[in-house]
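Student: I would like to know what the descriptions of this model rest on. Please show it first.

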Amino acid sequence: MAKSQLKDFNADLSEWFNDVVLKAELADYAPVKGCMIIRPYGYALWEGIQSFLDKLIKEKGVKNAYFPLFIPIHYLQKEKEHIKGFSPQLAIVTIGGGEELTEKLAVRPTSETIMYGMYKKWTSSWRELPILINQWCNVVRWEKRTYLFLRTSEFLWQEGHCAHLTSKENMDMVLWALDAYEKTYNDLLAMYGIKGVKSDAEKFAGAGSTFSLECLMPNGKALQSATSHDLSQNFSKSFDWTVQDKNKAKVYPYQNSWGLSTRSIGGLIMAHGDENGLKLPPLIAPIQVVIVPIPGHATALKLAQTLNINLKKKFRVNLDTTDGETAGFKFNKWELKGVPLRLEIGDKDVSENRVTLCRRDTGEKITLPLLDLDKKIKELLNTIQKSLFAQHKKFTDDHTFTVDSYDEFKKIMATTRGFIKAFWCENPDCENEIKKDTKATTRCLPLGSKEEEGKCIHCGGVSHHRWLFALSY
RNA sequence: CGGGGAUUGGCGCAAUUGGCUAGCGCGCACGCUUCGGGUGCGUGAGGCUGGGGGUUCGAAUCCCCCAUCCCCGACCA
């Protein structure tokens, strides 16, 4: 009997990924190239991420707002590196209401420019800083090569944009955002990641420096999972935005921007998936407990209905009474969708005053008395959440290699892949050569890396840090 | 944007060298049956063969153009 109709998880992760996204009804291809439709079950994941992160953002005192979808081209052009980086990816509106526009409008690829134009208008004194604004929105980047969730032409995200009087305050905010992302990944998505600073070649167009959280996927590729940028005074200078400080001097505010997108859902899917489909951490799972009464068992159905009502008060519960599906069919269906716990109830269970509980992460089946069932479920959900994180962390640790020879570096990239910690002289030419040779790019310099004396893995030149390398998504 | 593969009911596929009414499995609808790991049986619905143009007595099949998807590159917060 064919257990699974899914593509093989281990053979080809990207085929499995596409398959599971479609079959679990997370998303579907749109009629527009490179775009996707996020279906209700997938959107529920995004809503879960939103509410978790939004709470952190608000606790920090950052307020939500909304800026327009369209950005006048000359705004984007104000910061030179910014427009250089983004112009190949822009979608541009040239006609409105049937008439050629006098100034073309870019569909926002990110909102720095349109937001900062307003910040300038709103402020003239140091007393009006900091500005702490975030927006949840869509952006468009005309990508040549797209994947569901991981890289689509249009995607959803939040972008926080703050401005501060001092460089220190600004950097505190940059690092706060990075920590908030780490917390979201660790605590909500049960994913481990490494925080660090990007190399010049990899940083955001227009940034002074870029920080990111890098997560390792089961195929040994790194996913840049969220970013936080120290924009320094680059944009305030480009916009000629100054405020007067206490000494009546005109100063350029320091700025930062930070974002987390629907790409995170792609990471979530891969990080925990297996040959049976999704495996959702309980905190993010749209359905935490699915109740499957064994079809045809009358007393079981009654108990299932009662439990559904009771458990709904504490958990996200779904009662599956779909007609015409066998028990086995339902089991497989909900495993594909990654529901953490399945409550199986048959007449046998009812007569013995118990239920059968099955864990999605381990496949383990447990029989439990009805008494204190909710307590036990809570405990189990907690355990699963922790265990999934521990597993992803272990996977990452097991696939993180500290390497001192280029041959070894190449060998890892040609076989298991993963994170490689190696000395690099910080010369972009070396970085580029390494990429050409091995496909690996620098992912980041992990925060807290200690300064050492070392030799660049490529040229042998003086190096002070071990950088994190990997094949990137 | 370059290289490769693909596009036929919802999904997965088939259809000799161009030739009968485009088939099959799954799914779907209805009925019965079954139901503790993808349940059997019966009946039925569902197709301008991705779009456009050409060649031909005749095109899913040959030619041209276009679109989309997948894989590998280049590019890429």
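Tutor: Start with Ser449, in the loop between strand E22 (441–446) and strand E23 (454–455). This is a predicted model, where local features need pLDDT of at least 70, side-chain atom pairs count only at pLDDT 80 or more, and totals for chains, interfaces and linings use all residues. Residues are numbered from 1 along each chain as its sequence is written, while chains are lettered from A and ligands numbered from 1 in the order in which they are written.

Student: What makes a stretch a strand or a helix here?

Tutor: Both are DSSP runs numbered from the N terminus: helices are H or I with at least four residues, strands are E with at least two. Chain A has 14 helices and 25 strands.

Student: Why is Ser449 called partly exposed?

Tutor: Buried requires 20 or more other C-beta atoms within 10 Å of the residue's own, exposed 12 or fewer, and partly exposed is in between, with C-beta atoms placed from the backbone. Ser449 has 16 C-beta neighbours inside 10 Å, so it counts as partly exposed.

Student: Which residues does Ser449 touch, sequence neighbours aside?

Tutor: Leaving out residues up to four places away in sequence, Ser449 touches His465 and Arg466. Contact here means that the C-beta atoms, placed from the backbone, of two residues lie within 7 Å. As for distance, the C-alpha atoms of Ser449 and Ser257 are separated by 24 Å, and the two residues are 192 apart along the chain.

Student: Why does Trp157 count as partly exposed?

Tutor: Trp157 has 18 other C-beta atoms within 10 Å, so it is partly exposed. The residue is in strand E8 (residues 154–164). Apart from residues up to four places away in sequence, Trp157 touches Val139, Gly259, Leu260, Ser261 and Thr262. Trp136, 21 residues from Trp157 in sequence, is 5.8 Å from it in space, C-alpha to C-alpha.

Student: And why does Asn186 get its exposure class?

Tutor: With 16 other C-beta atoms within 10 Å, Asn186 is partly exposed. Asn186 belongs to helix H6 (residues 167–188). Beyond four places in sequence, its contacts are Met191, Tyr192 and Phe389. Leu388 is 202 residues from Asn186 in sequence but 10.0 Å from it in space, C-alpha to C-alpha.

Student: What is unusual about the backbone of Asn353 and Ser232?

Tutor: Most residues other than glycine have a negative phi, and most peptide bonds are trans. Phi of Asn353 is near 60°, and that of Ser232 is about 50°; neither residue is a glycine. Asn353 lies in the loop between H11 and E18, and Ser232 in strand E11.

Student: Are Asn353 and Ser232 exposed, buried or in between, and why?

Tutor: Asn353 has 10 other C-beta atoms within 10 Å and is therefore exposed. Ser232 has 19 C-beta neighbours inside 10 Å, so Ser232 is partly exposed.

Student: Where is there a cis peptide bond?

Tutor: The bond from Leu129 to Pro130 is cis, with omega near 0°. Pro130 is in the loop between helix H5 (112–122) and strand E7 (131–140).

Student: What makes a residue count as near RNA strand B?

Tutor: Its C-beta atom, placed from the backbone, must lie within 6 Å of the strand. There are 48 residues around RNA strand B, and Pro295, Gly296, Gly328, Gly346 and Lys348 come nearest. Elements giving two or more residues to that surface include helix H1 (13–23), strand E14 (254–261) and helix H10 (327–336). H10 gives the largest share, eight residues.

Student: How many residues of that surface are nonpolar, polar and charged?

Tutor: The surface near RNA strand B has 16 nonpolar, 19 polar and 13 charged residues. Ala, Val, Leu, Ile, Met, Phe, Trp, Tyr, Cys and Pro count as nonpolar, Asp, Glu, Lys and Arg as charged, and the others, Gly among them, as polar.

Student: Why can the radius of gyration of chain A be said to agree with a compact globule?

Tutor: The radius is taken over C-alpha atoms, and the globule rule is 2.2 Å times the number of residues to the power 0.38. For 473 residues a compact globule would be near 23 Å; chain A has 25 Å, which agrees. Of those 473 residues, 42% are buried.

Student: How confident is the predictor in chain A?

Tutor: The average pLDDT, which is the predictor's confidence in each residue from 0 to 100, is 91 for chain A, and 99% of the residues score at least 70. The complex is given an ipTM of 0.81 and a pTM of 0.94.
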